[in-house]
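Hi everyone, thanks for coming. Today I'd like to walk you through some side chains that meet in one protein chain, so please have a look at the picture.

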Amino acid sequence: MSWYPVPETLETEIFTAMPEALRRPVVTDWARANKGGHPVDCFLEGPCFDAAGNLHVTDIPHGRIFRIAPDGTWTQLAEWDGEPNGLAVHPDGRLLIADYKNGILSLDPAGGTPEPYLARRNSERFKGVNDLIVARTGDVYFTDQGQTGLHDPTGRVFRLSPSGRLDCLLDTGISPNGLVLSADEGVLFVAMTRDNAVWRVPLQRDGSVSKVGRFASFHGTSGPDGLVMDDAGNLLVAHASLGAVLALGPQGEPLARIRACRGQTVTNLTFGRTDRSILYVTESQTGTILRARWRHAGLPVSHR
């Protein structure tokens, strides 16, 4: 039983797909751990725009970052022995990378080899960082997912201040993944993939967290992945097995299902650099970037 109307279904279109010449259908360590040892030619994540309007994405199993021009042209910026997932732009213009194997890295936007930004905590490696965001204060929030889940609820969420102070905000996460801050940056929302839920994490003035709760719950063989919030406070959730972005209102009420027109593995999303009514979505099963129109002025959503 639902107390809400059936959410509207909105459609996506294909913006661009990884060119065949860039695909690598080989078995990697990542594929052995996550895809049953089958060859994976790419697995896209971390969509992030730079100031010039170029879209950047990561290719996790092959340790690559690509820049996609507004016309859909792909350029490889970097390749290294890593498993890059989330991306964010640092205030100084560098790309920050959540690399499962190497911690937090930084990359010159012109390309090259990533450099360590935060590889360890107190000489101890992370479980496997997943995603990150940068607050207006310059604080970097990131998730340390590793192989955690309901069997091992020890995933962590960290905050790194510009001064270098590192705070562990959560250490009971059930596969913490994507994250986003509320407009006033007083609340952190975290996708807990294996809990199939999004947690709400109030940030206290003294730097602590309190009264963490489950904001929304889902179903499926995987769970929520990347998160973004629109200007009206609606939360958009990329679900990695339902083939859709799920849009929720400020109280978690269902607003819309933005359906992937290709593939089922919707991993992450971002709004356009200059037009925040356009949503860009990574569909990792097929190596495709999708896009959709989203009017972020509250109910009702766009009918386009």
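I'll talk about confidence, then salt bridges, then aromatic rings.

First, a word on what you are looking at: this is a predicted model. The mean pLDDT of the chain is 94, and 97% of its residues reach 70 or more. There is one stretch to treat with care, residues 297-304, where pLDDT stays under 50. For that stretch the model has 16 contacts beyond four places in sequence.

Now to the salt bridges. How many does a search of the whole structure find? The count is 16, and I have picked out a few for you.

Let's start with Arg23 and Asp41, whose side chains meet in a salt bridge at 3.4 Å, N to O. This pair links distant parts of the chain, with the two residues 18 apart. Find Arg23 in the loop between strand E2 (13-17) and helix H1 (29-34). Then follow the chain to Asp41, in the loop between H1 and strand E3 (44-49).

Is Arg23 buried or exposed? Its relative accessible area is 13%, and because buried means under 20%, Arg23 counts as buried. Asp41, at 24% relative accessibility, is partly exposed. These two also have company: Glu20, Arg23 and Asp41 are linked in a network of salt bridges.

Next, please look at helix H1 itself. Asp29 and Arg32 both lie in this helix, three residues apart, which is about one turn of the helix. Their side chains meet in a salt bridge at 2.8 Å, N to O. Both Asp29 and Arg32 are exposed.

My last salt bridge is further along the chain. The side chains of Asp195 and Arg214 meet at 3.0 Å, N to O. Asp195 lies in the loop between strand E18 (187-192) and strand E19 (197-202), while Arg214 sits in strand E20 (residues 213-217), so this pair ties together parts that are 19 residues apart in sequence. Asp195 is buried, with 15% relative accessibility, whereas Arg214 is exposed, at 52%.

Let's move on to the rings. A search of the whole structure finds eight aromatic pairs. One of them is Phe49 with Tyr280, which is edge-to-face. Their centres are 5.1 Å apart, with 75° between the planes. Why is this pair called edge-to-face? The angle between the planes is 75°, and planes over 60 degrees apart count as edge-to-face.

Where do Phe49 and Tyr280 lie in the chain? Phe49 is in strand E3 and Tyr280 is in strand E26 (residues 278-283), so far along that the two are 231 residues apart. Phe49 is buried at 12% relative accessibility, and Tyr280 is buried at 13%.

Another edge-to-face pair is Phe66 and Trp74, at 5.6 Å centre to centre and 65° between the planes. Phe66 is buried, with a relative accessible area of 0%. Its partner Trp74, at 11% relative accessibility, counts as buried too.

One more thing about the rings: which residues do ring pairs link into a cluster with Phe49? They are Phe15 and Tyr280.

To recap, we met a network of salt bridges with Glu20, Arg23 and Asp41, and a ring cluster of Phe15, Phe49 and Tyr280. Thanks for listening!

Definitions and conventions
Residues numbered from 1 in each chain as written. Predicted model: local features only at pLDDT ≥ 70, side-chain atom pairs only at ≥ 80, totals over all residues. Heavy atoms only, no water. Salt bridge = Lys/Arg side-chain N within 4 Å of Asp/Glu carboxyl O. Helix = DSSP H or I, 4+ residues; strand = E, 2+ residues; numbered from the N terminus. Buried < 20%, exposed > 50% of the residue type's maximum accessible area, 1.4 Å probe, protein only. Phe/Tyr/Trp six-rings, centres within 6.5 Å; stacked < 30°, edge-to-face > 60°. pLDDT = per-residue confidence, 0-100. Contact = heavy atoms within 4.5 Å.
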